[in-house]
Amino acid sequence: PHYAKMNEYVALALQQKALGQRVPFTVIDLQQNRIVGTTSFRDFDWNVRRVEIGYTWYAQSAQRTHINTNCKFLLLQHAFEVLQANSVILRTDILNLKSQKAIERIGAKRDGILRQDALRKDGSIRDTVMFSIVRDEWVDVKVHLNQLLIGK
């Protein structure tokens, strides 16, 4: 059953990619040489040059490691320096305090809460906490992420 859900998840990601709605990435732990998660660019609005980082999840073995910090660094660097984004959005369930702390730890600012915004897997309606990093903040966030990655 676990593999069936994973196959559905990957099929949806590839379908959304084909429609230009999402750019999915596989997260690989190079030390272990194994897949430990996924993340994506999504919700593009090129009129204001905004992109969202989302659909992120990691195996428990990869949580609270350098992997999330490194992935966010690479995604943010690509968004600001290659795609020339003005802002990068991140969102999470109001109940997911671990994710909120991780997003704040990388330097994103909490923008607010979208109330009754989305369905959870169990069918309940969630509030969504929105975060962002804007172009003017990228230089400081980049320095901060580099410091986290080298252990300072």
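**Entry 1: the pocket**

I began with the largest pocket, which has a volume of about 1,600 Å³. I kept in mind that this is a predicted model. I then looked up the lining, which has 37 residues. Tyr 55, Thr 56, Trp 57, Thr 92 and Asn 96 are the closest to the pocket's centre.

Which elements supply at least two residues of this lining? I found helix H1 (2-18), S3, H2, S4, helix H3 (97-105) and strand S5 (109-119). S3 gives the most, with 7 residues. I also sorted the lining by class: 15 residues are charged, 12 are nonpolar and 10 are polar.

**Entry 2: the cores**

Next I turned to the largest nonpolar core, which has 20 residues. Ile 53, Leu 76, Val 88, Leu 90, Trp 138 and Leu 145 have the most contacts inside it. Strands S3 (50-58), S4 (87-93) and S6 (125-134) each give two or more residues to this core, as do helices H2 (66-82) and H4 (135-150). The largest share comes from H2, with 5 residues.

I picked out Trp 138 and listed what it touches, leaving aside residues up to four places away in sequence. Its contacts are Phe 73, Leu 76, Gln 77, Phe 80, Glu 81 and Leu 145. Apart from the largest core lies another, of 6 residues. I noted Val 27, Tyr 58, Ile 67 and Cys 71 among them.

**Entry 3: the salt bridges**

I moved on to charged pairs. Side chains of opposite charge can pair when their charged atoms come close. How many salt bridges are there? The count comes to 7.

I looked at Glu 52 and Arg 42, which form a salt bridge with their closest N and O atoms 3.9 Å apart. Glu 52 lies in strand S3 and Arg 42 in strand S2 (residues 34-45), so this pair ties together parts 10 residues apart in sequence. Is Glu 52 buried or exposed? Glu 52 is buried, at a relative accessible area of 1%.

Asp 43 pairs with Arg 50, with 3.5 Å between the closest N and O atoms. Asp 43 is partly exposed at 30%, and Arg 50 is partly exposed at 22%. I found these four residues again in a network of salt bridges that links Arg 42, Asp 43, Arg 50, Glu 52, Arg 91 and Asp 117.

**Entry 4: a bridge between helices**

My last lookup was Lys 142, which forms a salt bridge with Glu 81. Their closest N and O atoms are 2.8 Å apart. Lys 142 lies in helix H4 and Glu 81 in helix H2, so the pair ties together parts 61 residues apart in sequence. Lys 142 is partly exposed at 25% relative accessibility, and Glu 81 is partly exposed at 35%. I had met Glu 81 before, as a contact of Trp 138.

Conventions. Residues numbered from 1 in each chain as written. Predicted model: local features only at pLDDT ≥ 70, side-chain atom pairs only at ≥ 80, totals over all residues. Heavy atoms only, no water. Core = buried A, V, L, I, M, F, W, Y, C linked by side-chain atoms within 4.5 Å. Buried < 20%, exposed > 50% of the residue type's maximum accessible area, 1.4 Å probe, protein only. Helix = DSSP H or I, 4+ residues; strand = E, 2+ residues; numbered from the N terminus. Contact = heavy atoms within 4.5 Å. 1 Å grid on protein atoms, 1.4 Å probe; cavity = no way out; pocket = protein on both sides within 12 Å on 5 of 7 lines; lining within 4 Å. Points joined across faces, edges and corners; volume = space filled by probe spheres on them. Nonpolar A, V, L, I, M, F, W, Y, C, P; charged D, E, K, R; others polar. Salt bridge = Lys/Arg side-chain N within 4 Å of Asp/Glu carboxyl O.
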